[in-house]
Amino acid sequence: MGQGIAQILVYAAVLIALSYPLGIWMARVYTREQSDVIERGFLRLLGRDAAADQNWKQYGRSVIVFSIAFSVFLFGLLRLQGHLFLNPDHLPAVPWTVALNTTASFVTNTNWQYYAGEATMSYLSQMAGLAVQQFVSAGVGLAVVAAVIRGIARRGGGVGLGNFWRDLYRSIVYILLPLSVVLAVVLIWQGVPQTFHGHVTATTLQGAHQTIARGPVASMISIKQLGTNGGGYYDSNSAVPFENPTPVSNFLEVLAILLIPFAQLVMFGRMVLARRHAWVLYAVCFTIFAIGVSIAFPAEQHGSAVLRNSGVNITNSASQSGGNMTDKEVRFGIANTALWATATTDVSNGSVSGGHDAFTPAGGAVPLVDMFLGEVEPGGVGSGLYGLIFYILIAVFVAGLMVGRTPEWLGKKIEAREMKLAAVGALFVPTMVLVMTAVAIATPAGLASIFNPGAHGFSETLYAYTSQSNNNGSAFAGYAATTFSTTFGTVALYFGRFFPLLAGLAIGGSLAAKKVVPASAGTFRTDGATFGILLLGVIALTAGLMILPALTLGPIVEGLMN
Amino acid sequence: MLRALLASVIGIVAFTVVLGFGYPALMTGFAQVALPHQANGSLVERGNKVVGSSLAAQDFSFPGYFHERPSATSPAYNPAFTTFSNLGPTNPALAQLVHANAKAVLKLEGPYNPGLTIHDIPVDAVVPSGSGIDPEISIAYANLQAHRVAAVRHLPLATVQSLIKENTAGRSLDFLGEQGVNVLELNLAIDQQGGK
């Protein structure tokens, strides 16, 4: 296990070292006054007034209209792929329920997949449909975060949060695209295919025929990891050697999951001129991440009762990684797969390097709880920092109640309107998850999707709606596509994305209009350990307590049986 | 609203052209020129015939070959439709599968490994991999199979063991990931030794 722990520590060190400069760069990208030539041309192309400063409602409207329009486009593409080009393996149209869910899934930065990519999607759908959304939905998320931060940072005068189109352009051109190109090059070097040639048929050493799926994979995998998307080219996602061939590619892919999210916190600190406060947030997020890994890794290494009682050798040694190797790959072993599972659900990524459905009860509970907390550790590129901001406001409010003062945050008074928005933002999605899970577990149509018997089947259902509502996209993948589950999931995807997004923007707009109150001796300090611990407590007591009863029906029962 | 819609449509076209065609085409151009072997799927050829990919397991059942880990794909080891087994930790089907696989390994390897018990079988030999096409097995599983392959092929055990070492991918940079033995490459090396 020592080797595994060392790998995880090195990962953490590299993550911190790289997220810092990237965060500084991102702050510059969103605060720079001048536009480059292409940006000016792009904004002119979009029409008159397309570059104007927008208040939160105008900003939100641009986001919604753009997302709906792109949904229509993507749905059409998936339905028509059979008649279009770049389809060397002659795949037919995607069935409409799956196309609907997939559209919602990719436009909302979720990338839940009720299909097997290599056997369902043409090259055109993969690269010009799904992978484009992986850029754009992540760009939208980053843009909204930038807008909310501007609202918080605004010091008097005006209610503008910036311009959606400009922010979107900058997110993609200055952050997502360059990083994707670099990562894709390394991934190709490590063995990820990048070709327009169709499937190839090999004659195996024993004389059988084996069809190997390939395509423009690397260009999609890089943005899938960087943009907290998670939607793989192949069905088994980054467990497949063609998506993730070596430990080097694995290290970079799991690094890409958390890189921009943690950099966002550094960017936040610089943009609101409260760097110490941002480091406290950084520490809180990192703590939740560390707790997750230190539960998941030992749990998976310890293995399940079935494996322990079977008598086979699951002991970690020089010649095998041992542990719960079900649905895991030899080259990653236990440590790397557990690290990935935690990272991918601390933010809204949702890619996987092993099958979560086959995780031990405790190991599988970690990604489930991480997602249910709203993926605020530290929030996805897509779902953004605003999830964390809801909790921050609640923490500041609680502190204000304790000392008997109007709560303040970063020089702004927090009043009834902001608190309502924060409460809605923090509680809407968890409530929706519990209601949807209850419906899915109480109806025959919902039960039809369950694959594993007993308590684990409940966990599958809970995981499915937690993942889709929080726009994660990872799965207890036995949960099957039915007309019920795909359409129900579509609702979860859209509501889970746009409800908190609009609440976040509204808070930004509301704070933008507020005058700054100078800090006094009675102001509760948000840049020290006290606030960090308070914030952890608030996260645990709101969403954490909400999922506890559901956990007792799923992973906890299963853990007792294990 | 109409103006926002118009801007959206233009945005969709622009992003699709640049990110959906320009970017992947550029990457493909680079890949095909600079790294064609990897870009086309790391295909392995023998005598001008494609025999597989070093990144995909294939079905080995002959006793003279090293065998892969179990696979949940249909048919087994299908790189055109990968899948997890999704068997939960308390699912009775998992217990049955592990039991059946262990029994099969004991039956196959027992005659060549006197005194072999279930405790000597490494876990990766009995549970499905994540992709269903995991190209690697653990060193422990390779060592277990070495006796059978050597006996069936009439090769010295030391030769087979040194081939295992040659086809073991160490940890990247001596640090990252876990060690594993690439089964297809190992079997190609075994074939080269002859002695079917």
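Let's start with chain B. Its secondary structure comes to six helices and five strands. Keep in mind that this is a predicted model.

Now the order. Along the sequence, chain B reads α-α-β-β-α-β-α-α-β-β-α. How spread out is chain B? Its radius of gyration is 22 Å. The globule rule gives 16 Å for 196 residues, and 22 Å is well over that, so chain B is more spread out than a compact globule. The box tells you about the extents. Taken along the principal axes, the C-alpha atoms of chain B fill roughly 80 × 45 × 35 Å.

What about burial? Of the 196 residues in chain B, 50% count as buried. And contacts? Take the pairs in chain B that sit at least 6 apart in sequence. Of those contacts, 56% join residues at least 24 apart.

Over to chain A, and two strands there. β1(A) covers residues 200–203. β2(A) covers residues 209–212. The two run antiparallel, and four bridges join them. One pair to find on your screen: A:Val200 in β1(A) has A:Ile212 as its bridge partner in β2(A).

Together, β1(A) and β2(A) make a hairpin, with five residues between the strands. Look at A:Gly207 in the turn. Its phi is positive, about 90°.

Last, the side chains of β2(A). Which of them are buried? They alternate along the strand. A:Gln210 and A:Ile212 point to one face, and both are buried. A:His209 and A:Thr211 point to the other face, and these two are not buried. So A:Ile212 turns up twice: as the partner of A:Val200, and on the buried face of β2(A).

Conventions. Residues numbered from 1 in each chain as written. Chains lettered and ligands numbered in written order. Predicted model: local features only at pLDDT ≥ 70, side-chain atom pairs only at ≥ 80, totals over all residues. Rg over C-alpha atoms; globule rule 2.2 N^0.38 Å. Buried ≥ 20, exposed ≤ 12 C-beta atoms within 10 Å, placed from the backbone. Contact = placed C-beta atoms within 7 Å. Pairing = 2+ DSSP bridges.
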